[in-house]
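Here is a short report on one protein model. Keep the structure open while reading.

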Amino acid sequence: MARKVTGGAGGTKAARRPELRLPPLEPWAGGGLEPDGDYDGVEFREADFAGQDGAGARFMDCALTGCAVDGTGLRHARLLDTVLSGIRGVGTDLAESTLRDVELHDARLGGTQLHGAVLERVLVRGGKIDYLNLRTARLRDVVFEGCVLVEPDFGGARLERVEFVDCVLKGVDFSGVTLTDVDLRGAASLEIARGAGQLAGAVISPGQLLDLAPVLAGELGIRVEG
């Protein structure tokens with residue numbers, strides 16, 4: 001279920017955040033993930049999924065807390081009405097997966113593959129994610145809040161109603177993006193490595209514009225001399 005929002009400041013449409021009410025959950029009985037597995041109403045707590053293959057699996061009304069996902073294969077997985085808290089891992093493969101009505105809290109991830117994925121009504125709150133690959137992904141109603149994103153790659157992605165609130169963005173790649181109602185004003189730090197000249201459809205603050213001026217000038221071929 002999502003909270004409906006009519007609009008944001010300055011005419012920018014605000015993202016609709018997920019509002020999850022999980023049912024009573026059954027504790028995970030243990031064992032490994034299965035390709036195309038079906039997990040409904042399950043609580044995974046401190047599980048170690050490192051190196052396991054759950055490609056095509058479906059997680060519905062689930063909670064994953066403190067789980068290790070180093071090298072876990074979840075390509076084409078579907079995460080629906082699910083909360084992930086304190087998960088950690090490097091090289092998790094979620095390429096071409098679907099995340100809908102999902103909350104991700106205090107994650108510690110590196111090199112997560114989400115290229116070609118579809119994210120709808122997703123909240124990423126707290127934590128740190130290094131080298132997040134969202135190339136050619138589609139994001140609608142997604143909020144990044146209070147988190148640190150180091151060199152996230154949005155190359156060729158489509159972002160609609162996406163907000164960055166109190167988060168740190170380092171070395172972002174916006175090459176070839178398509179942006180609609182993307183609000184960057186709330187970012188605590190905004191550092192764009194590539195694609196600064198392709199921010200049509202985004203809104204930034206006057207201070208951010210001044211900070212980005214050298215990058216914009218460089219991408220537009222403008223020489224600034226004293």
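A pocket here is an open set of grid points where a 1.4 Å probe fits, with protein on both sides within 12 Å along at least five of seven lines. A volume is the space filled by probe spheres set on the points. The model is predicted.

**The pocket**

The largest pocket has a volume of about 210 Å³. Which strands each supply at least two residues of its lining? They are β9, β10, β12 and β14. The lining runs through V118, L119 and E120, then R138, L139 and R140. R158, L159 and E160 also line the pocket, as do T178 and T180. By class, 5 lining residues are charged, 4 are nonpolar and 2 are polar.

**Strand pairing**

Two pairings involve β12. Both are listed below, each with one pair of facing residues.

| Strands | Sense | Bridges | Facing residues |
|---|---|---|---|
| β10 (residues 138-145) and β12 (residues 158-165) | parallel | 7 bridges | V143 opposite E163 |
| β12 and β14 (residues 178-183) | parallel | 5 bridges | E160 opposite T180 |

E160 and T180 stand opposite each other, and both belong to the pocket lining. In a regular strand, side chains alternate between the two faces of the sheet.

**Two loop residues**

T72 sits in the loop between β5 (63-65) and β6 (78-85). Is T72 buried or exposed? T72 is buried, because its relative accessibility is 1% and the cut-off for buried is under 20%. A polar atom of the T72 side chain lies 3.2 Å from the backbone oxygen of V69. Leaving out residues up to four places away in sequence, T72 touches L33, F49, A50, G51 and Q52, together with G91, T92 and D93.

H115 lies in the loop between β8 (98-110) and β9 (118-130). Its relative accessible area is 24%, so H115 counts as partly exposed: that class falls between the 20% and 50% cut-offs. What does H115 touch, not counting residues up to four places away in sequence? The contacts are R75, A95 and E96, along with N133, L134, R135 and T136. H115 and F164 are 49 residues apart in sequence. Their C-alpha atoms are 19 Å apart in space.

Methods. Residues numbered from 1 in each chain as written. Predicted model: local features only at pLDDT ≥ 70, side-chain atom pairs only at ≥ 80, totals over all residues. Heavy atoms only, no water. Helix = DSSP H or I, 4+ residues; strand = E, 2+ residues; numbered from the N terminus. Buried < 20%, exposed > 50% of the residue type's maximum accessible area, 1.4 Å probe, protein only. Polar contact = N/O pair within 3.5 Å; in protein donor to acceptor, adjacent residues only side chain to side chain. Contact = heavy atoms within 4.5 Å. Pairing = 2+ DSSP bridges. 1 Å grid on protein atoms, 1.4 Å probe; cavity = no way out; pocket = protein on both sides within 12 Å on 5 of 7 lines; lining within 4 Å. Nonpolar A, V, L, I, M, F, W, Y, C, P; charged D, E, K, R; others polar.
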